[in-house]
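This briefing introduces a protein structure to a reader who has not met it before. Please keep the sequence and the model in view while reading.

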Amino acid sequence: MDSRTIPHVLALTAPYWEAARDRRLCLQRCAVCGLYVHFPQLECPRCANTELPYEQVSGRGVVHTFSIVHRTFAPGFAARVPYVIAWIELVEQAGLRVFGNVLHCPPEQVCIGMPVELCFEDLDGFGPIPNFRAVPEEALNAPLPVAGRRTP
C-alpha cells in the first residue's frame, strides 16, 4: 500500500490532473502571447491575459537542478531513499520548468543537463503522477509529438 500524500486538486489544477490520468502532461499556455505558464496561474505573468487553456507538452527536457534525498519525513517516501527530486526544463520553452522525481536511474548518475522524458508512476488511491526518466541525448531532438498523442 502506497502511503504517500495524495495531491489536493483545485479547480485551477484540475485540467493538469485530468491529463495526468490519461498519461499526458498538459500545462497552461496563454491564448494571447503563447507563453507556457507553470505552476498554474489565474493570469499570464507576461501579458496579464486570463485565457490560459491547458495544452499538451512533450515532457522532454533536461535536468535543470536536483536534490538527492537521503532522509525524508514525507509520508510514504522513507522506503524510497535515496531518491531524486528535480526541476526539469522542458524543450518547448526556455525557462519552462516542471518538478518531479527522476526514476529508473541511480541517484549518483543524475546530473544537471541530463536529458529526460516524461514517465508516470501510479499513486495508490489517486492515479498517475508525472515524473521523469533518463533518455539518450538524441531523444530531445526528435519531432515533438502530435497533440492528443498519449505519452507512455
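The points below cover aromatic residues, a buried arginine, cysteines, a sheet and a helix.

The model is predicted. It holds 5 aromatic pairs and 0 disulfides. An open sheet of 3 strands is also present, with the strand order β2-β1-β3.

**Aromatic residues**

- The ring centres of Tyr 16 and Trp 17 are 4.8 Å apart and the ring planes stand at 90°, so this pair is edge-to-face.
- Tyr 16 has a relative accessibility of 12% and therefore counts as buried.
- Trp 17, at 13% relative accessibility, is likewise classed as buried.
- Phe 39 and Trp 87 make another edge-to-face pair, with 5.7 Å from centre to centre and 65° between the planes.
- That pair links distant parts of the chain, since its members are 48 residues apart. Phe 39 belongs to the loop between β2 (36-37) and β3 (54-57), while Trp 87 belongs to strand β5 (residues 83-90).
- Phe 39 is partly exposed because its relative accessibility is 45%, and Trp 87 is partly exposed because its value is 29%.
- One aromatic cluster is made up of Tyr 16, Trp 17 and Phe 126.

**The surroundings of Arg 4**

- Arg 4 is found in the segment before α1 (14-21).
- With a relative accessibility of 10%, Arg 4 counts as buried.
- The charged end of Arg 4 is placed over the ring of Phe 77, at 5.5 Å from the ring centre.
- The side chains of Arg 4 and Glu 121 are joined by a polar contact of 3.5 Å.
- Apart from neighbours within four places in sequence, the residues in contact with Arg 4 are Pro 75, Gly 76, Phe 77, Arg 80, Glu 121, Asp 122 and Leu 123.

**Cysteines**

- The count of disulfides is 0. Cys 44 takes part in no disulfide, and the nearest cysteine sulfur, belonging to Cys 33, is 3.6 Å away. A disulfide would require the two sulfur atoms to lie within 2.5 Å.
- Cys 44 has a relative accessible area of 1% and is therefore buried.
- Cys 105 is also in no disulfide, and the nearest cysteine sulfur to it, that of Cys 111, lies 8.3 Å away.
- Cys 105 counts as buried, with a relative accessibility of 13%.

**The open sheet**

- The 3 strands of the open sheet pair in antiparallel fashion, in the order β2-β1-β3.
- Strands β2 and β3 are at the edges and each has a single partner strand, so one side of each has no neighbour in the sheet.
- Strand β1 (residues 25-29) runs antiparallel to β3, and 4 bridges join the two.
- Gln 28 stands opposite Tyr 54, a residue of β3.

**Helix α1**

- Ala 14, Tyr 16, Trp 17, Ala 19 and Ala 20 are the buried residues of α1.
- These buried residues pack against β1, β3, β7 (115-123) and β8 (127-134).
- Arg 23, just after α1, adopts a positive phi of about 60°.

**Points to take away**

- Tyr 16 and Trp 17 appear both among the buried residues of α1 and in the aromatic cluster with Phe 126.
- Strand β3 is an edge strand of the open sheet, and the buried residues of α1 pack against strands including β3.

Notes. Residues are numbered from 1 along each chain as its sequence is written. This is a predicted model: local features need pLDDT of at least 70, side-chain atom pairs count only at pLDDT 80 or more; totals for chains, interfaces and linings use all residues. Side-chain values use heavy atoms; hydrogens and water are left out. Rings of Phe, Tyr and Trp (its six-membered ring) pair if their centres lie within 6.5 Å; planes under 30 degrees apart count as stacked, over 60 as edge-to-face and the rest as tilted. Buried means under 20% relative accessible area, exposed over 50%, partly exposed in between (1.4 Å probe, protein chains only). A charge sits over a ring if NZ of Lys or CZ of Arg is within 6 Å of the ring centre and within 35 degrees of the ring normal. A polar contact is a pair of N or O atoms within 3.5 Å; within protein, one must be able to donate a hydrogen and the other to accept it, and residues adjacent in sequence count only if both atoms are side-chain atoms. Contact means heavy atoms within 4.5 Å. Two strands pair if DSSP finds at least two bridges between them.
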